[in-house]
Amino acid sequence: MRIRTWTVGELNRYINQLFKTDPLVQNLYLEGEISSVKIHGTGNIYFTIKDDIGKVNAIMFRSNVTDIELFQEGNQIVCQASVNLYEKEGNYNLIVKNISLKGKGILYLKFLELKETLKSEGLFDSKYKKELPLFPRRVGVITSETGAVIHDIINVSRNRFGKAEIILFPAKVQGDLAVQELMDGIDYFNQKNDVDAIILGRGGGAYEELAPFNDEKLARKIFDSQIPIISAVGHETDVTISDFVADKRASTPSMAAEILFPNIDTIYENLEQKCFELQHQYRTQFHGLDVLLRDYKEQLTRYTPGWKLQKERAKNNQYLQEMNYIFSEKMIKMYADLEKNKQQLLALNPLNVLERGYGLVKSKNRIISSTKEIKSQDMIEIQLKDGMIVAEVSEVHILHKQRDFEKK
């Protein structure tokens with residue numbers, strides 16, 4: 001038989017693989033006391049968990065740290081972790097995922113684990129949240145029939161709204177049977193489909209008593225409901241899985257009723273305010289529409305035949321006035337020119353010369369302006385200012401102007 005020789009690295013790697021493939025040590029819950037805490041610059045926390053018998057090194061990465069105050073020397077804690085081997089040194093340690101004080105213990109760690117699981121699946125996403133009814137007529141309540149929850153919800157609904165019908169589905173709210181009865185209530189109202197909303201709730205209690213509202217099956221039943229659900233578990237500081245997955249969370253059952261049922265007095269006040277606002281808007285819009293209507297009416301008037309005819313008539317009157325003005329100016333100028341021409345004609349009229357003692361000589365109806373145009377024995381007419389003389393030419397003497405001028 002051949003004996004195999006291992007290297008140290010091979011051995012450590014083999015042991016590490018054993019750890020990683022063993023589900024028991026990959027998701028275990030460990031209880032102990034914190035000591036030797038060191039916070040690294042990266043935000044990772046290195047510490048030791050110990051008890052009376054032994055101790056183990058642990059590390060919690062920065063991304064998983066939610067409350068650094070938990071890491072106090074001597075704190076008794078419960079953690080959810082996986083075993084890991086650091087192959088280089090041959091030492092094993094714990095990779096811690098969640099941690100809580102021992103008072104909350106394993107229940108709280110399971111709560112954190114389930115919360116992360118459901119969150120990663122999208123059960124908490126706001127896009128899946130259903131809207132609550134504005135004025136609920138019928139509301140289903142799933143809670144204990146002996147507790148104060150149902151009475152608180154009824155009192156609040158009567159004081160605020162007074163119109164809704166409250167239907168109780170009695171169910172246990174703690175203990176082993178609570179989860180099934182709470183789910184039965186959700187199924188009942190969804191099958192009947194005669195309520196507008198569901199209130200799932202209980203009064204306050206210890207953390208362990210709230211365990212049914214941290215159950216995965218109940219959470220999925222709430223998510224699958226077709227009717228909006230308000231989770232109303234009576235606690236202030238802690239929240240349950242039901243709170244995260246429900247369509248609305250209320251810190252108490254009474255608060256759930258206040259969220260769901262509107263205050264009738266507030267409704268009346270809001271209605272009065274809305275009426276006032278509507279009246280104001282109506283008056284404002286009516287005034288604006290009235291102005292707009294007048295503008296449209298004026299615009300339409302501009303396109304009627306009568307308005308166009310009136311406009312054209314006004315333009316024609318303007319053109320007529322302009323023409324009259326131009327014609328008047330032309331006539332005045334014409335009269336002035338005529339008078340000027342008249343004076344010029346009068347100045348050139350030969351008859352006016354006769355007034356000064358001159359005569360106009362004609363022969364055969366032709367004006368004689370030169371002695372060369374007549375001869376002896378021609379008959380001539382001499383036009384004077386007051387008559388005419390008919391005569392016969394006896395002699396014609398031609399006047400030589402240049403020679404006469406030289407003689408002079």
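Let's start on the outer side of helix α4, where Arg158 and Asn159 are exposed (over 50% relative accessible area, with a 1.4 Å probe and protein chains only; buried means under 20%). Helices here are DSSP runs of H or I with at least four residues, strands are E runs of at least two, and both are numbered from the N terminus. This is a predicted model, in which local features need pLDDT of at least 70 and side-chain atom pairs count only at pLDDT 80 or more, while totals for chains, interfaces and linings use all residues. Residues are numbered from 1 along each chain as its sequence is written, and side-chain values use heavy atoms, leaving out hydrogens and water.

Now turn α4 around. Its buried residues are Val149, Ile150, Ile153, Val156 and Ser157. Seen down the helix axis, they fall within an arc of 135 degrees (taken from the directions from the axis to the C-beta atoms), so they line one face of α4. Their cover includes β6 (138–143), β7, β8 and α8 (253–260), where contact means heavy atoms within 4.5 Å. Just after α4, glycine 162 has a positive phi of about 75 degrees.

From here, move to the largest nonpolar core, a set of buried Ala, Val, Leu, Ile, Met, Phe, Trp, Tyr and Cys residues joined through side-chain atoms within 4.5 Å. Of its 32 residues, Ile142, Phe189, Leu200, Leu218 and Ile222 touch the most other members. Elements giving two or more residues to this core include α3 (105–121), α5 (178–192) and α6 (216–224). Leaving aside neighbours within four places in sequence, Ile222 is in contact with Ile186, Leu200, Ile229, Ser242, Val245 and Ala246.
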